[in-house]
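Me: I am new to this structure and would like a close look at a single helix in it and at what surrounds that helix. Please take me through it slowly, in connected prose.

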Amino acid sequence: MMPRNAATTPLSPVVSASKVETDPASEPAAGLPFGFARDQQVIFDAGCLILGPAADGFGLREAQRRLGLVPGLRVETLDQPGFELALARVYQQDGAGPQQDELSFDLEEAAFARRQRDLLEEPGDAPVITLVNQLLARAVQSGASDLHIEPHEGGLRVRMRIDGFLQEVMDRSDVPVKRIVSRLKVMAGLDIAETRLPQDGRIPLSLAGRQIDTRVSSLPGHYGERIVLRILDRSTGLRPLQDLGLSAQQQALLKRLSGFPNGIILATGPTGAGKTTTLYSLLQLADRAERNIVTVEDPIEYDLPGISQSQINAEIGMSFAAGLRATLRQDPDVILVGEVRDPETAQTAAQAALTGHLVFSSLHANSSVGAIVRLRDLGLDNFLIAATLRGVIAQRLLRRLCHSCRQPQAPSAEDAALFQRHGLAVPEQIQAPVGCTSCGGSGYAGRIGIFEMAEVTPQITEAIDRGATEAELKELALSAGETLIGQGLLAVALGEVSLEEALRVVGDVA
């Protein structure tokens with residue numbers, strides 16, 4: 001075992017920097033293969049040899065054999081967390097190093113099921129496998145949320161969704177479409193012989209140590225099965241409230257909501273708006289030593305230490321409603337239900353809240369007060385909604401302007417009228433997208449969340465109980481600037497997003 005302190009570690013003579021000849025022509029053409037670097041804990045990066053705590057003489061000698069003579073070689077020894085970070089940094093660079101030629105999977109289904117495979121392992125396999133893994137690796141490295149495999153009359157088109165927009169990756173007529181689709185179905189554990197019915201599955205992957213989970217959906221089409229993969233990077237971890245884009249006032253409201261002893265707290269918004277991330281952040285706030293927290297999810301997106309998490313499996317009857325009923329027999333204090341999507345789940349969640357449990361869940365609705373109308377649509381009586389609902393969070397994700405190329409401009413008369421119509425001060429200038437090399441010419445880099453939060457006060461409880469309309473509830477619950485369009489315009493005034501982006505996502509809704 002190698003000591004952890006690089007400053008006092010006597011290096012093996014085979015790789016000692018003082019003994020390496022300085023031959024300018026001897027610079028290696030490529031680094032070390034990913035599998036070797038991970039297993040032997042030896043990384044070569046830009047003239048530096050990085051060693052992990054488990055590096056030994058064999059790994060050092062083999063690294064010297066593979067690299068040859070390196071002029072000015074430096075050696076650095078790291079502890080295990082530092083080495084894993086270095087491994088991820090070196091082998092995740094887009095298009096860098098030899099890893100792009102080493103992407104493949106073991107075709108044997110049983111071998112794949114035995115353990116999670118890494119996208120950078122096992123070189124020299126079939127071209128179809130290599131192509132599929134390159135597409136998956138590119139999607140993960142680009143931060144895509146979805147990967148679309150779309151057969152058409154002329155061949156195969158591949159697109160990935162980045163920051164909410166689909167971007168074309170490939171459109172070729174010379175690829176074996178059916179073999180690519182079959183490969184993805186094998187990886188997801190789907191029936192490759194069944195091409196007439198939709199199927200759903202999951203593929204557990206890793207990329208240079210990053211844990212990746214994908215949900216796979218197949219849909220029969222005129223030119224073959226269409227595959228869409230939803231990509232979840234587990235290694236990103238949970239975000240603290242201040243990193244979600246919440247104001248100090250909104251953070252204080254969430255902390256207050258998570259401290260309630262009972263009731264229902266809902267997060268609403270379209271698919272991909274970050275509802276699960278917000279709910280997980282609320283769970284972190286509610287996670288106390290004296291509380292028993294249980295979740296029912298589809299899928300389990302992050303591993304939460306100290307929290308019991310259950311996976312939905314509709315095929316065997318483990319639905320959200322069934323899972324929620326089962327958790328009530330586990331003596332829970334706080335329950336997270338992935339989604340309220342049917343009357344049975346809504347009724348069970350309301351009964352759980354009435355019997356002294358705090359329930360977090362997501363719901364598809366267009367706004368915070370719109371969630372109340374949606375609960376009515378799911379069959380809950382007004383008195384039951386009034387008695388159990390504590391707060392609703394509506395959220396959206398907007399593309400953030402690239403800070404390297406955004407351009408200030410004075411708001412037009414039409415822009416000023418928009419701010420005034422929503423009761424907000426007109427800013428002296430707003431920012432517009434331009435496009436540069438750092439943002440790929442789009443003018444945007446990353447996304448930012450905006451939140452509309454409605455706490456159910458006694459006045460709102462009374463209004464719900466008497467069957468008030470959505471417009472009446474909105475008047476009671478939200479002031480100027482607290483609505484989604486108001487939050488979007490505030491982000492525009494701060495120069496974080498463009499006015500066009502805010503209107504594209506939330507619209508000019510009064």
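Reply: A polar contact is a pair of N or O atoms within 3.5 Å, and that cut-off is needed for the start of helix α10, where a side-chain oxygen of Asp342 reaches to within 3.2 Å of the backbone nitrogen of Glu344. Please keep in mind throughout that this is a predicted model.

Helix α10 itself covers residues 343–354, and with its 12 residues it reaches 16 Å from its first C-alpha to its last, which is close to the 16 Å expected at 1.5 Å a residue. After the helix comes Gly356, whose phi is positive, near 95°.

Which residues of α10 are buried? They are Thr345, Ala346, Thr348, Ala349, Ala350, Ala352 and Ala353. As background to such a list, an α-helix has 3.6 residues a turn, so residues three or four places apart point the same way. The buried residues of α10 pack against two helices, α9 (320–327) and α12 (382–388), and also against the strands β11 (263–268), β14 (334–337) and β15 (358–363).

From these surroundings one can turn to the nonpolar core. The largest nonpolar core holds 37 residues, and the members that touch the most other members are Ile264, Leu266, Leu389, Ile464 and Leu473. Helix α10 gives the largest share of this core, five residues. One of the well-connected members, Leu266, is in contact with Ser361, Leu363, Ala371, Leu375, Leu389, Gly391, Val392 and Ile393, leaving aside its neighbours within four places in sequence. Separate from this core is a second one of 33 residues, and Leu147, Leu156, Met170 and Ile203 are among its members.

Strand β15, one of the elements that the buried residues of α10 pack against, also contains Ser362. Ser362 counts as buried because its relative accessible area is 5%, where buried means under 20%. The side chain of Ser362 reaches the backbone oxygen of Gly338 at 2.5 Å. Gly338 also appears among the contacts of Ser362 beyond four places in sequence, together with Ala267, Lys275, Leu279, Val337, Glu339 and Val340.

A residue elsewhere in the chain can be read in a similar manner. Thr483 sits in the loop between α15 (470–477) and α16 (484–493), and Thr483 is likewise classed as buried because its relative accessible area is 13%, again with buried meaning under 20%. A polar atom of the Thr483 side chain lies 3.1 Å from the backbone nitrogen of Gly486. When residues up to four places away in sequence are not counted, Thr483 touches Glu452, Lys474 and Leu478.

Finally, for a view of another part of the model, there is an open sheet of three strands, in the order β1-β2-β3 and with mixed pairing. Its edge strands, each pairing on one side only, are β1 (42–45) and β3 (74–77), and the twist from one strand to the next averages 20°. Strand β2 (residues 48–51) pairs with β3 in the parallel sense over four bridges, and Arg74 in β3 is the bridge partner of Cys48. Helix α2 (residues 57–67) packs on this sheet, touching β1 and β2, with its direction at about 30° to that of β1, while helix α3 (residues 80–91) lies across β1 and β2 and runs at about 45° to β1.

Definitions and conventions:
Residues are numbered from 1 along each chain as its sequence is written. This is a predicted model: local features need pLDDT of at least 70, side-chain atom pairs count only at pLDDT 80 or more; totals for chains, interfaces and linings use all residues. Side-chain values use heavy atoms; hydrogens and water are left out. Buried means under 20% relative accessible area, exposed over 50%, partly exposed in between (1.4 Å probe, protein chains only). A polar contact is a pair of N or O atoms within 3.5 Å; within protein, one must be able to donate a hydrogen and the other to accept it, and residues adjacent in sequence count only if both atoms are side-chain atoms. Contact means heavy atoms within 4.5 Å. Two strands pair if DSSP finds at least two bridges between them. Axes are lines fitted to C-alpha atoms, for helices over the stretch in contact, and angles run from 0 to 180 degrees between N-to-C directions. A nonpolar core is a set of buried Ala, Val, Leu, Ile, Met, Phe, Trp, Tyr and Cys residues joined through side-chain atoms within 4.5 Å. The expected span of a helix is 1.5 Å times one less than its number of residues.
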